[in-house]
Amino acid sequence: MLLTFAKYHGAGNDFIMIDNRADDSRIWEALTPETIASLCQRNLGIGADGIILAIKSPGEVPYTMGYFNADGTPAEMCGNGLRCLMQFLADVGEPVREQPEVRIMTGAGVVAARFAGENRIQVSMPIPRFTPQDARIKVSGETIQVPIEVPGLADPLVGTAVGVGNPHFVLYNNEMWEGEDVHEIGFRLMHHKELFPEGVNIGFARKEAPDTCALVVYERGVGPTLACGSGAIAAIGAGVAEGKWQFEQPVNVRMPGGDLKVTIGPDWSYAVLEGDAVRVFEGQVEV
């Protein structure tokens, strides 16, 4: 079938957006894991960090986000993808820009989003959780600053495992992480099935200033990305738990593709992600 798509990005985190508001079964059947991986391939396909399907639903939650990683695997949550979905819905004529809050169903549950400016969108994200069950890590007790042994690495790594709808492991360092470290450590942790049976997203973070965090995310099923919205929430959530940031403090998260703003509410009452969403181009592809 001939599939119409649009390409969007949020802080460089890019997505193939597909209008499936009618929940057409033919689109679901066409998007096999192999097809998704082929479309996301940057040399031979459209190129993207993932594919997002916009679905319209009756009831109190009018929209659903279907999200797939670049390797074709489904994922529960994507903050940058949610902002791109909001912009995409506005561009196809849905009345989301005028509403004080838009509820969207994701694999991690219902989230709320709203426009905070022409291209600035705020998303209410899942609140960071620090239990083995939420972070999906095979350790006992609280998951803040836990030392872990990684096959192939001489020294243990100390980081914070955090669940924000999907699993993250955040490593803070006083120096900037080098590309080789990101690739090696990220790959080893993502495939450390004894510790992370469902895989994991790895955040390489540094407190750069009192209100700024530098962050690179090695994303599950993708690899290093220019930006990661859920990774930004996880990094600042871990930083609050470790005493690096304060509740209600807006923190600028600087990533290779651009900046995002994260605020964690008092006593973990909310987590808000803010950033832009940009339409790049549209087209059609045979699938």
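## Close-up views of a predicted model

**View 1. Strands E14 and E15 run antiparallel and are joined by 5 bridges.** Strand E14 covers residues 251-255 and E15 covers residues 258-264; helices (H or I, at least four residues) and strands (E, at least two) are DSSP runs, numbered from the N terminus. Two strands pair if DSSP finds at least two bridges between them. A hairpin of 2 residues connects E14 to E15, and Val253 has Leu260 of E15 as its bridge partner. E15 is mostly covered, with 5 of its 7 residues buried; buried means under 20% relative accessible area, exposed over 50%, and partly exposed in between (1.4 Å probe, protein chains only). Please keep in mind that this is a predicted model, in which local features need pLDDT of at least 70 and side-chain atom pairs count only at pLDDT 80 or more, while totals for chains, interfaces and linings use all residues. Residues are numbered from 1 along each chain as its sequence is written, and side-chain values use heavy atoms, with hydrogens and water left out.

**View 2. Strand E16 pairs with E15 and with E7.** Start with E15: its pairing with E16 (residues 271-276) is antiparallel and has 4 bridges. Here Thr263 stands opposite Val272 of E16. The hairpin of E15 and E16 has 6 residues between the strands, and Asp267 in this hairpin takes a positive phi near 55 degrees. Strand E7 (residues 120-124) also pairs with E16 in the antiparallel sense, over 5 bridges, and Val123 stands opposite Leu273 of E16. Ala271 lies in E16 too, and at 0% relative accessibility Ala271 counts as buried. The C-alpha atoms of Ala271 and Asn13 are 20 Å apart, with their positions 258 residues apart along the chain.

**View 3. Phe15 and Tyr67 form an edge-to-face aromatic pair, one of the 7 aromatic pairs found in a search of the whole structure.** The rings are 6.0 Å apart centre to centre, with 70 degrees between the planes. The pair links distant parts of the chain, as Phe15 is in strand E2 (residues 13-19) and Tyr67 in strand E4 (residues 63-69), 52 residues apart. Is Phe15 buried or exposed? Phe15 counts as buried, because its relative accessibility is 0%. Tyr67 counts as buried as well, at 4% relative accessibility. For the cut-offs, rings of Phe, Tyr and Trp (its six-membered ring) pair if their centres lie within 6.5 Å; planes under 30 degrees apart count as stacked, over 60 as edge-to-face and the rest as tilted.

**View 4. Phe247 and Trp268 form an edge-to-face aromatic pair.** Their centres are 5.1 Å apart and the angle between the planes is 90 degrees. Phe247 lies in the loop between helix H6 (229-241) and E14, and Trp268 in the loop between E15 and E16, so the pair ties together parts that are 21 residues apart in sequence. Phe247 is partly exposed, with a relative accessible area of 30%, and Trp268 is partly exposed at 23%. Together with Phe130, Phe247 and Trp268 form one aromatic cluster.

**View 5. Arg97 lies over the face of Phe115, and Lys244 over the face of Tyr172.** Arg97 is at 4.1 Å from the ring centre of Phe115. Lys244 is at 4.7 Å from the ring centre of Tyr172. A charge sits over a ring if NZ of Lys or CZ of Arg is within 6 Å of the ring centre and within 35 degrees of the ring normal. For a wider look, the C-alpha atoms of Arg97 and His191 are separated by 40 Å, and these residues are 94 apart along the chain. His191 has its place in the loop between helix H5 (179-190) and strand E11 (201-209), and His191 counts as partly exposed, at 43% relative accessibility.
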